[in-house]
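Biologist: Please take me closely through one part of this model, and then set that part against the rest of the architecture.

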Amino acid sequence: MIKLANVTKYFKTDGEKKYILKNVSFTLPEGVNLGILGRNGAGKSTFLRMLGGIDFPSSGTITSDKSFSWPMGLAGGFQGSMTGRQNVKFVCRIYGKNEEEITSIISYVQEFAEIGEYFDMPIKLYSSGMKSRLSFGLSLAFEFDYLIIDETLSVGDENFKKKATAALKKKIESCNVLLVSHSMGTLKEICDVGVVLHEGVLHYFNKIEDAIGYYHTINMQTSVQKNNVVQSSAVYCDDGRVFDDINAAAMFYKMRPFSIIQALEKNNGSHMFLKKVFYKDGHPKPLFQKWQHFDDATIIGSDGVIFENAEEATSFYRERFINKKIDEDHIANVLLTEEKFSALLRVKFYYLSEFQ
Amino acid sequence: MTKRTSLSIFSSVVFALFLREVQTRFGTKRLGYFWAILDPLSKIIVFSLVKAALMDRSMPGVDYPVFLATGFLTFGFFQAFMNGSMNSFDANRALFVYKQVKPIDAIVSRFCLEFLVMSVAIMVFVGFGMYIGLDVLPKDLSMVLLAVLWLGVFAFGVGVLFAVLASFYETFAKVIGFLGTPLFFLSGLLYTVESLPPVAREIVLYNPVIHFIEMIHGNYFLVLDTQYVDYQYMMYWTIIPLFVGLYFYIKSEKKILAS
């Protein structure tokens with residue numbers, strides 16, 4: 001149980017107080033996994049840190065008799081000139097572990113992180129993926145009542161992500177989670193209850209689905225309020241992000257603006273990888289549809305555009321890049337090569353079935 | 001997880017931070033050990049040569065290199081800890097994600113490290129001095145030890161106070177940094193208070209550090225004495241910064257953690 005009593009938290013920026021929480025009283029029931037939602041800058045991370053006892057309210061109290069982890073997956077607590085092993089030992093010592101426990105924790109982390117001989121090299125030589133592996137393993141090696149996770153589930157490569165999610169799921173059988181994430185999928189998968197932070201108010205929901213729904217609602221409202229008039233160029237996305245225009249969205253998702261335009265034009269289900277749906281405000285808002293109709297011939301380009309088959313892809317690119325002189329079998333031929341890379345389009349193609 | 005007492009948490013965190021500082025300072029750069037000796041040694045050689053070159057024959061009956069060594073080693077500790085304590089919050093900020101780690105732990109561990117470095121350096125110098133036949137044994141060992149320990153407490157109090165102030169006023173650390181060099185020359189490291197003209201004497205005696213150095217020198221060398229050491233003044237400078245520093249620290253610990 002975590003109890004917030006009359007909690008107010010603000011930051012001063014340019015002499016102006018920016019409130020994250022304004023006189024909030026709230027009790028988190030025992031034994032639930034909490035998802036924390038809010039727009040960028042709403043103070044999700046600060047709220048999480050306050051729950052975990054490493055940040056403090058400006059006034060009011062937060063009380064709990066539970067133990068909390070450090071924000072998980074955080075590589076900030078590592079000393080670059082020390083080796084992975086030394087860093088793990090350091091955290092063990094902070095937690096007052098004896099030699100025997102330290103040995104078992106080290107072997108667990110070493111096995112989990114799968115970084116081989118890098119474990120005995122200075123951390124500054126690690127890639128960011130290796131750092132997250134190490135820190136993820138380290139967090140899992142300790143026993144806490146609550147795990148604190150700040151958008152860290154998306155670190156590392158696909159293989160590791162699977163392993164990390166599986167390990168985390170096993171871990172939360174014996175403890176609870178406080179999670180901040182932008183990924184609605186992760187939130188649904190892991191959390192039972194949710195809070196939405198919005199303009200200093202904390203909205204609590206018994207079901208994470210309701211929290212996500214409310215979050216979407218405020219997302220729309222805020223954007224409309226901000227612009228006062230409906231801005232027809234604004235692009236909405238089903239993961240809750242809003243962009244000023246197509247170019248901003250394209251930049252964010254590292255896609256070509258064409259891909260976004262294409263998704264907008266289709267308006268019902270998208271050609272986007274990651275199954276995102278975009279629409280302009282003012283248009284009828286279509287329901288989210290997953291990309292379901294694919295078979296063995298469905299391909300995806302590294303630019304994020306999905307095609308039912310090579311012919312469709314070829315005609316798409318021929319239409320868009322008239323001066324590139326793409327021949328009719330171009331993509332079919334590319335798919336026959338080993339790299340499946342089209343030097344002409346600078347796009348790599350995959351069969352979508354490879355990702356399932 | 002079993003509950004630990006705050007004392008056991010404090011000691012295990014300080015110990016962990018201490019080992020971490022040892023590893024980072026001495027682990028990767030093997031020169032680290034060497035440097036702790038080389039830095040005072042080079043200063044001793046330079047100032048001894050300068051004195052010889054000036055044909056300065058003051059302080060008869062005192063081995064000037066030993067005189068310099070006693071001052072440089074203890075003053076070096078004081079200065080290193082002052083600078084270390086002021087950046088210890090920032091240097092360890094990343095570790096504040098671990099709930100057990102409090103800012104004061106960083107100061108305490110740094111204090112332990114600097115004190116240990118000084119102790120080891122003193123032992124090395126005494127051993128080396130005896131080997132080459134210098135008169136390195138103190139006149140009154142217990143008083144010298146008392147002076148060094150007292151200097152430690154004094155440094156700790158001032159260090160805590162400065163660290164808290166530096167965390168709120170960025171320029172404060174810079175001002176203290178500027179004071180470092182004048183302090184080196186005003187702390188009686190190269191001369192005794194007695195050898196100064198009376199007017200200068202009065203001025204330098206406002207500097208608390210010179211009292212500690214004089215106390216060490218006076219009890220170390222047969223021919224020197226401690227007539228200018230003002231124990232009461234030293235006590236003020238020990239107790240007031242310590243308590244004011246700790247009071248400010250307790251008041252602002254959460255602010256330091258959150259900032």
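Modeller: In this predicted model, helix 1 of chain A (residues 44-51) lies across three strands of chain A, namely strand 1, strand 2 and strand 4. Its direction makes an angle of about 135 degrees with strand 1 of chain A; axes here are lines fitted to C-alpha atoms, for helices over the stretch in contact, and angles run from 0 to 180 degrees between N-to-C directions. Helices (H or I, at least four residues) and strands (E, at least two) are DSSP runs numbered from the N terminus. Residues are numbered from 1 along each chain as its sequence is written, while chains are lettered from A and ligands numbered from 1 in the order in which they are written. As the model is a prediction, local features need pLDDT of at least 70 and side-chain atom pairs count only at pLDDT 80 or more, whereas totals for chains, interfaces and linings use all residues.

The three strands beneath this description form an open, antiparallel sheet in the order 2-1-4 in chain A; strands count as paired if DSSP finds at least two bridges between them. Strand 2 (16-28) and strand 4 (59-63) of chain A are the edge strands, each pairing on one side only. On average, neighbouring strands of this sheet are turned by 25 degrees against each other, direction ignored. Strand 1 (residues 2-13) of chain A is joined to strand 2 of chain A by 9 bridges in the antiparallel sense, and Y10(A) stands opposite Y19(A) in strand 2 of chain A.

Further along chain A comes helix 2 (residues 84-94), which is mostly covered, with 9 of its 11 residues buried. A residue is buried if 20 or more other C-beta atoms lie within 10 Å of its own, exposed if 12 or fewer, and partly exposed in between, with C-beta atoms placed from the backbone. Among the buried residues of helix 2 of chain A are the charged-type names K89(A) and R93(A), together with V88(A), F90(A) and V91(A). Just after helix 2 of chain A, G96(A) takes a positive phi of about 65 degrees.

A hairpin follows at strand 7 (residues 193-198) and strand 8 (residues 201-205) of chain A, which run antiparallel and are joined by 5 bridges. V196(A) has H203(A) in strand 8 of chain A as its bridge partner. Between the two strands lie 2 residues, and E199(A) in the turn has a positive phi of about 50 degrees.

Chain A also holds an open antiparallel sheet of 4 strands in the order 13-12-15-14. Strand 13 (306-307) and strand 14 (341-342) of chain A stand at its edges with a single partner strand each, so one side of each has no neighbour in the sheet. Strand 14 of chain A pairs with strand 15 (residues 347-351) of chain A over 2 antiparallel bridges, where S342(A) stands opposite V347(A). In total, chain A has 11 helices and 15 strands, and 37% of its 356 residues count as buried.

Chain B is built otherwise, with 9 helices and 0 strands; 35% of its 259 residues count as buried. Helix 3 (residues 64-91) and helix 8 (residues 208-220) of chain B pack at an angle of about 145 degrees, their axes 10 Å apart. Among the residues that meet there are F67(B) and F75(B) in helix 3 of chain B and I213(B) and Y220(B) in helix 8 of chain B. This contact comprises 7 nonpolar, 4 polar and no charged residues; Ala, Val, Leu, Ile, Met, Phe, Trp, Tyr, Cys and Pro count as nonpolar, Asp, Glu, Lys and Arg as charged, and the others, Gly among them, as polar. V66(B), also placed in helix 3 of chain B, counts as buried because it has 21 C-beta neighbours inside 10 Å. Although V66(B) and Y220(B) are 154 residues apart in sequence, their C-alpha atoms are 9.6 Å apart in space.

Finally, the two chains meet: 23 residues of chain B are in contact with 23 residues of chain A, contact being defined by C-beta atoms, placed from the backbone, that lie within 7 Å. On the side of chain B that touches chain A, helix 1 (6-27) and helix 9 (231-258) of chain B are the elements that give two or more residues. Helix 1 of chain B provides the largest share, 9 residues. The residues on this side of chain B divide into 13 nonpolar, 6 polar and 4 charged.
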